[in-house]
Amino acid sequence: MDYELLGKRIRDERLLLRLTIEQLAERVNKSTNYIGQIERSDGKPSLETIVDLANALGTTVDSLLRDSLDAAQEDETVREICTLLRTGDENDKRFILDVVRRYM
């Protein structure tokens, strides 16, 4: 597992949500020092902690670990489509599905 990339992804997701380390630590019931260690790749979190972090950040474990998972090696286009689907409302999702069905 690439702990450096995992820590970077966790930090990037945290900053995207405008959370402090303290706020994230509180959400996952861990110390701020430990969250900092994970982000700097000095700490190696358990699977349970990675799941807790993913839930607290509103993302998935496979998204955080995508560099370490062979099955998650998608191309950039697929990742972009998935991001659009996650962030869109129900009407957006139905529209995208309709377009895909018409052109595939």
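The following questions and answers concern helix packing and the nonpolar core of a predicted model.

Local features need pLDDT of at least 70 and side-chain atom pairs count only at pLDDT 80 or more, while totals for chains, interfaces and linings use all residues. Residues are numbered from 1 along each chain as its sequence is written, and side-chain values use heavy atoms, with hydrogens and water left out.

Me: Is Arg-9 buried or exposed?
Reply: Arg-9 is found in helix α1, residues 3–16; helices are DSSP runs of H or I, at least four residues, numbered from the N terminus. Buried means under 20% relative accessible area and exposed over 50%, with partly exposed in between (1.4 Å probe, protein chains only). Because its relative accessibility is 19%, Arg-9 counts as buried.

Me: Which residues does Ile-10 touch, not counting residues up to four places away in sequence?
Reply: Contact means heavy atoms within 4.5 Å. With that sequence exclusion, the residues touched by Ile-10 are Leu-24, Ile-38, Glu-39, Leu-53, Leu-57 and Leu-64.

Me: Which element gives the largest share of the largest nonpolar core?
Reply: A nonpolar core is a set of buried Ala, Val, Leu, Ile, Met, Phe, Trp, Tyr and Cys residues joined through side-chain atoms within 4.5 Å. The largest one has 15 residues, and Ile-10 is one of those touching the most other members. Elements giving two or more residues are α1, α2, α3 (32–39) and α4. The largest share, five residues, comes from α4.

Me: Which residues in α4 meet Leu-24, Arg-27 and Val-28 in α2?
Reply: Helix α2 comprises residues 21–28 and helix α4 residues 47–57. The α4 residues that meet those three are Asp-52, Leu-53, Ala-56 and Leu-57.

Notes:
Axes fitted to C-alpha atoms, helices over the stretch in contact; angles between N-to-C directions.
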